[in-house]
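Let's walk through this fold together, strand by strand and then side chain by side chain. Please keep the sequence and the model in view as we go.

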Amino acid sequence: MKLISPLEFTGTRAWDALDIERFTGAATVRLHWTDQAYVWHVNDGAEVFVVLKGAVDMHVRQTGREEVFSLSEGDIFHAEAGDEHVAHPRGAARVLVIETEGSV
């Protein structure tokens, strides 16, 4: 057992991650630290994205249109397989991500 305090985790580069668990069936739980945008991507499976500290603008593309969801601390974003999205933190952010192992 261990206690993980997200506020004490700082990466050495944007989207650095602390691997927390790998579940049977190839799902991972990772704590990410970032202060820069990710890249547009589509996951192989579902993704659950929880903002623990900071704020993130999640850009999504649906039916040819771009939309932005503003996520605050405690907000959860869920993407299904095939959903195109990119996260843009506003300053430093700590995010818990649960997704298929090896997903982008």
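Strands β1 and β2 run antiparallel and are joined by seven bridges; here helices (H or I, at least four residues) and strands (E, at least two) are DSSP runs, numbered from the N terminus, and two strands pair if DSSP finds at least two bridges between them. Across this ladder, Asp19 stands opposite Arg30 in β2. The β1-β2 hairpin has three residues between its strands, and Gly25 there takes a positive phi near 100°. This is a predicted model, in which local features need pLDDT of at least 70 and side-chain atom pairs count only at pLDDT 80 or more, while totals for chains, interfaces and linings use all residues. Residues are numbered from 1 along each chain as its sequence is written, and side-chain values use heavy atoms, with hydrogens and water left out.

From β2 we can step on to β9 (residues 93-100), which is antiparallel to β2 and joined to it by eight bridges. Leu31 has Leu96 in β9 as its bridge partner. Both ladders belong to an open sheet of five strands, ordered β1-β2-β9-β4-β7, with antiparallel pairing. At its edges are β1 and β7 (76-79), each of which pairs on one side only. From one strand to the next the twist averages 20°, where axes are lines fitted to C-alpha atoms, for helices over the stretch in contact, and angles run from 0 to 180 degrees between N-to-C directions.

Now for the interior. In soluble globular proteins, nonpolar side chains tend to be buried together. The largest nonpolar core in this model has 13 residues, and those with the most contacts inside it are Phe49, Val56, Met58, Leu71, Phe77, Ala87 and Val95. Such a core is a set of buried Ala, Val, Leu, Ile, Met, Phe, Trp, Tyr and Cys residues joined through side-chain atoms within 4.5 Å; buried means under 20% relative accessible area, exposed over 50%, and partly exposed in between (1.4 Å probe, protein chains only). At least two residues of this core come from each of β4 (47-53), β5 (56-62), β7 and β9. Setting aside neighbours within four places in sequence, Leu71 is in contact (heavy atoms within 4.5 Å) with Phe49, Val51, Ala55, Val56, Met58, Phe77 and Arg90.

Strand β8 (residues 84-89) holds Val86, which counts as buried at 2% relative accessibility. Not counting residues up to four places away in sequence, Val86 touches Tyr38, Val39, Trp40, Asp57, Met58 and His59.

What about the aromatic rings? Rings of Phe, Tyr and Trp (its six-membered ring) pair if their centres lie within 6.5 Å; planes under 30 degrees apart count as stacked, over 60 as edge-to-face and the rest as tilted. By this rule there are three aromatic pairs. Trp15 and Tyr38 are edge-to-face, because their ring centres are 5.3 Å apart and their planes stand at 70°. This pair links distant parts of the chain, 23 residues apart: Trp15 is in the segment before β1 (16-23), and Tyr38 is in the loop between β2 (27-34) and β3 (41-42). Trp15 is buried at 14% relative accessibility, whereas Tyr38 is partly exposed at 30%. Phe69 and Phe77 form a tilted pair, 6.2 Å centre to centre with 45° between the planes. Phe69 is partly exposed, at 32%, and Phe77 is buried, at 10%. Ring pairs also link Trp15, Tyr38 and Phe49 into a cluster.
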